[in-house]
Amino acid sequence: MLSRRRFLAYGSTGMLALSTGCKPHHLNWLAEPDSTDAPLSLSNKAEIAHLKERFLGYPINMKTPPQAFFDWREQLYKAGINQFPYNNVGDPFKDSPIPYNSHDFEKTLIERFAVHYGFPQNNRWGFLSHSGTDSNMHGMYMGRTILKGRTGKTPKAYFTREAHYSVQILRDLLGLEGIEVDTLDSGAMDPQDLADKLAQHKAQPALVILTLGTTFKGAIDPIDDIQAILSDYSSYLHLDAALFGGYLPYTAHAQTALQQTTSGKIRYDSIAVSCHKFFGFVSPAGLFITRQSHFEEFHDLFSQIHNPEYIHHVPGTITCSRDAVKPAEFYFYSSDESIAQIKTDAKQVLLQTDWLMKQLQYHFPEYLATRANPLSNTIYFRKPAERLINKYSLATMQLTRKQKKLDFAHVVIMPHVSNAILNEFLTDLSDQKNLS
Ligand SMILES: Cc1ncc(COP(=O)(O)O)c(C=O)c1O
């Protein structure tokens, strides 16, 4: 079992804590065991619950999964998963040379979620990645490889400043030139500016990264308008749906997340969704889904890049060894019962966001509360006092309003957020007058 000594020794601050006898302040809720080799325990469950339910500032669902999830975990454990190094190296749609894998769970969960995102039957491929960022990396790498294969030219990467910072990092990692596209007032990509910029770089194909729910503002890039513009270009469209991709398919706005419409129109080429965000999976993971036909095109090019002999097939993934425990566990979330719960949660968060927005506009107009669109569970507003930032773990950002830089914070309504906490938050806002 993990002892306090070993736990603290894992991090560099831990080493300092051990040598000075003090704990990092964010670990203050850890018990002080009699002996440093005593098992790690949480001394103050009430305090953890308090922190969890007031967590309003980042898109992480703090709801504890249902008991059935922990029962499922136990069944997996009894079957051997997590008892020794299972490994999902390779393509989950193929046999693995390592017999201890959870490819079957991984393939099935991808096929099930692909249905919710409207990927056509028999044309679905994907895997469970390490995170939304990892899924973005695969989408951008696949797009770059396919476009280079089709045209012989390296594409330029088009995205807005509202795109998640992982996109900027991945652009650098992939050695792509980035073209920053302007945004509309909502924070969504401006299709006209994209059209202008594409026209300036006609000679190169376009790798376009759109966002369904931008990180700070909750804006939705207009996929259909942009696809119409892209029809004149050699392009690949990766959709970063890290947060909104977790709930929009289960609402009346499901069409916004569809890969292909019922009339057969293709809207994007690959999608990334974080599993620990809306779904509330207990550790970071991501869905990466694309069309089987795209994967095959990528596969042919990818097989020229490396020698697949060692694992008997082309893996299709950038990372070699991959976690086998997470797909087996996350499989739980693809069941009909889990999807029914996600549907209920999605309805609740949108209603709560409607309500909070009205309250903020009516009682606190000076906070300039803004919701980018009615599909968003995110509201941003002038930064309140530091006490509230800390109490509700609010993310903050400087935004330009009327050519002035102002500090803003946002609230992201996730399934663990109760009406009582929202009321408490509003009461706290009315108790403090000074904008920072
Ligand atoms: C729009 C968007 N994309 C990608 C990410 C990164 O996801 P992850 O934390 O799963 O890597 C985030 C995280 O907040 C996000 O908001």
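How far apart are the end C-alpha atoms of helix H6, and what should its 20 residues span at 1.5 Å a residue? Its ends sit 28 Å apart, and the expected span is 28 Å, which agrees. (The expected span is 1.5 Å times one less than the number of residues.)

## Ground rules

This is a predicted model, where local features need pLDDT of at least 70, side-chain atom pairs count only at pLDDT 80 or more, and totals for chains, interfaces and linings use all residues. Residues are numbered from 1 along each chain as its sequence is written.

## The chain overall

The protein chain comes to 14 helices and 10 strands. Both kinds of element are DSSP runs numbered from the N terminus: helices are H or I with at least four residues, strands are E with at least two.

Of the 436 residues in the protein chain, 41% count as buried. Here "buried" asks for 20 or more other C-beta atoms within 10 Å of a residue's own, "exposed" for 12 or fewer, and "partly exposed" covers what is in between, with C-beta atoms placed from the backbone. Take the contacts in the protein chain with a separation of 6 or more: residues 24 or more positions apart account for 70% of them. A contact means that two C-beta atoms, placed from the backbone, lie within 7 Å.

## Helix H6 and its exit

Back to H6, which covers residues 132-151. It is largely enclosed by the rest of the structure, because 15 of its 20 residues are buried. Right after H6 comes Gly 152, with a positive phi near 80°.

## Around the ligand

The ligand has 16 residues around it, and Ser 131, Gly 132, Thr 133, His 164 and Ala 242 come nearest. To be near, a residue needs its C-beta atom, placed from the backbone, within 6 Å of the molecule or strand in question.

By type, the shell around the ligand splits into 11 polar residues, 4 nonpolar and 1 charged. The nonpolar set is Ala, Val, Leu, Ile, Met, Phe, Trp, Tyr, Cys and Pro; Asp, Glu, Lys and Arg are charged; the others, Gly among them, are polar.

## The seven-strand sheet

An open sheet of 7 strands runs in the order S1-S7-S6-S5-S4-S2-S3, and its pairing is mixed. Strand S1 (125-129) and strand S3 (178-181) are at the edges with a single partner strand each, so one side of each has no neighbour in the sheet. Ignoring direction, neighbouring strands of this sheet are turned by 20° against each other on average. Two strands pair if DSSP finds at least two bridges between them.

At the S1 edge, 5 bridges join S1 to strand S7 (residues 286-290), and the two run antiparallel. Phe 127 stands opposite Phe 288 in S7. Helix H9 (residues 223-230) packs on the sheet, touching strand S4 (206-211) and strand S5 (235-240), and its direction makes about 170° with that of S4. For such angles, axes are lines fitted to C-alpha atoms, for helices over the stretch in contact, and values run from 0 to 180 degrees between N-to-C directions.

## The three-strand sheet

Another open sheet has 3 strands in the order S8-S10-S9, with antiparallel pairing. S8 and S9 are the edge strands, each pairing on one side only. The twist averages 40° from one strand to the next. Helix H12 (residues 336-363) packs on this sheet, touching S8 and S10, and its direction makes about 20° with that of S8.

Strand S8 (residues 378-382) pairs with strand S10 (residues 404-412) over 5 bridges. Ile 379 has Val 411 as its bridge partner in S10, Phe 381 has Ala 409, and Arg 382 stands opposite Phe 408. S8 is mostly covered, with 4 of its 5 residues buried. Over on the S9 side, 7 bridges join strand S9 (residues 395-401) to S10, and Thr 396 has Ala 409 as its bridge partner.

## Two positive-phi loop residues

Which loop holds Asn 122? Asn 122 lies between helix H5 (103-116) and S1, and has a positive phi of about 60° although it is not a glycine. It counts as exposed because it has 7 C-beta neighbours inside 10 Å.

Lys 402 belongs to the hairpin of S9 and S10, which has 2 residues between the strands. Its phi is near 45°, again positive in a residue other than glycine. With 5 C-beta neighbours inside 10 Å, Lys 402 counts as exposed.
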